[in-house]
Amino acid sequence: MARTLEGKVAIITGASSGIGAATARAMATAGIDVVLVARRRDKLEEVAKSIRNLGRRAHVVVGDVSDTPHVTAVLDEAERHFGHFDIVFSNAGYGMERPVHLMEDADLRAMFEVNFFSSVALLRESAIRLRRAKRPGHLLMCSSCLSKFSMPDQGAYAATKAAQEAICRAMRFELAADHIEVASVHPVTTTTEFFSESAQRSGTKGGSVPDHAPKLFVQSPERVADAIVACLRRPRSEVWTSHIVRLSSALFTAFPWILDLVLRREARRQSRRRAHAPSATAKVP
Ligand SMILES: NC(=O)c1ccc[n+]([C@@H]2O[C@H](COP(=O)([O-])OP(=O)(O)OC[C@H]3O[C@@H](n4cnc5c(N)ncnc54)[C@H](OP(=O)(O)O)[C@@H]3O)[C@@H](O)[C@H]2O)c1
């Protein structure tokens, strides 16, 4: 039977744009009150306004998820404002396109800090508090389809996403007896600020989606948000929004040589692109 969501309280990180903002609105439409977390207050306030227009309560918490005390502050704020929380969606994250051998150690560690360590810290502390209060709950991390297959120039990012998936899978069974659901979310190319942000960090040119992304696989953040709400109603271990990519990832696992063929072509395309982008290569040591 589908679970009812009316009156639940959710915490969403990375709620100032893209998938996080769309998920906040989809959850509000489903009757959920939300705590919105990110660094840009003005953007969070805009999202909060749209939630209140939908008739639900919203509370804004500004901060950087990679600051360790921030996790405690976010959960304290949620409990202070709403009395409790039921759902936590650790979604804040970013990408950077660069070959692994050209990646600075500091950049690699910083990406793991935001995408992986801060997500684990938030879900771990959430689980501790839910267990202590003997409350059921639902914990989710925004991983990626790239958790299943890495790509050239995306190795570091894909590693953070694979690590998220691995942690979620274990936590799902560790917390099952406490009635705490855990899921990883695996979006494909989604039209958000992700690619312009990634291009800026990588020193490359970039628009709202990569030039090479097949239209078939490009989706809206609302599509991901609806799939997340569907998972809250009917829990599952992984949330996917593209059957084709999901099946392809299974095929790549079973027959890695197929993935090798695809990636060899992709690597050639990337190196042609780098050769034609002098501003990008200038930043790469
Ligand atoms: N777009 C895609 O194609 C795609 C595909 C697969 C997976 N994903 C994943 O989806 C998640 C959301 O990304 P998106 O596509 O919605 O991109 P987005 O629009 O750029 O959103 C990223 C969000 O993360 C927040 N954020 C980033 N660093 C932060 C930090 N240090 N502290 C607090 N908040 C931080 C940003 O807010 P502030 O800048 O205001 O802090 C923003 O709200 C990410 O984990 C990404 O890896 C995206």
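**Exercise 1. Find out how many bridges join strand 2 to strand 3, and place these two strands in the sheet.**

Solution. In this predicted model, strand 2 (residues 33-38) and strand 3 run parallel and are joined by five bridges. One place to look is Val 37, which has Val 61 of strand 3 opposite to it. Widening the view, one finds an open sheet of seven strands, whose order is 3-2-1-4-5-6-7 and whose pairing is parallel. Strand 3 (58-62) and strand 7 (238-240) are at the edges with a single partner strand each, and therefore one side of each has no neighbour in the sheet. On average, and with direction ignored, neighbouring strands of this sheet are turned by 20° against each other.

**Exercise 2. Determine which strands helix 1 touches where it packs on the sheet.**

Solution. Helix 1 touches strand 1 (9-13), strand 2, strand 4 (87-90) and strand 5 (137-142), and its direction makes about 170° with that of strand 1. Another helix to compare on the model is helix 5 (residues 155-174), which lies across strand 5, strand 6 (180-186) and strand 7 and runs at about 160° to strand 6.

**Exercise 3. Describe how helix 1 and helix 2 pack, beginning with the angle and the distance between their axes.**

Solution. Helix 1 (residues 18-29) and helix 2 (residues 41-53) pack with their axes 9 Å apart and at an angle of about 15°. Because angles under 35 degrees count as roughly parallel, helix 1 is roughly parallel to helix 2. Their crossing is right-handed. At the contact, helix 1 contributes Ala 21, Ala 24, Arg 25 and Ala 28, which meet Val 47, Ser 50 and Ile 51 of helix 2. Sorted by character, the residues of this contact are five nonpolar, one polar and one charged.

**Exercise 4. Decide whether Lys 134 and Asp 153 are buried or exposed, and state where each residue lies.**

Solution. Lys 134 belongs to the loop between helix 4 (105-132) and strand 5, and its phi is near 55°, a positive value in a residue other than glycine. Since exposed means over 50% relative accessible area, Lys 134 with 75% is exposed. Asp 153 is in the loop between strand 5 and helix 5, and has a positive phi of about 70° although it is not a glycine. Because buried means under 20%, Asp 153 at 7% relative accessibility counts as buried.

**Exercise 5. Locate Phe 195 and give its distance in space from Val 61.**

Solution. Phe 195 is part of helix 6 (residues 194-202) and, at 16% relative accessibility, counts as buried. From C-alpha to C-alpha, Phe 195 and Val 61 are 25 Å apart in space, while 134 residues separate them in sequence.

Methods. Residues numbered from 1 in each chain as written. Predicted model: local features only at pLDDT ≥ 70, side-chain atom pairs only at ≥ 80, totals over all residues. Heavy atoms only, no water. Axes fitted to C-alpha atoms, helices over the stretch in contact; angles between N-to-C directions. Helix = DSSP H or I, 4+ residues; strand = E, 2+ residues; numbered from the N terminus. Parallel < 35°, antiparallel > 145°, perpendicular 65-115°, else oblique. Left-handed = near helix turned anticlockwise from the far one by under 90°. Contact = heavy atoms within 4.5 Å. Nonpolar A, V, L, I, M, F, W, Y, C, P; charged D, E, K, R; others polar. Pairing = 2+ DSSP bridges. Buried < 20%, exposed > 50% of the residue type's maximum accessible area, 1.4 Å probe, protein only.
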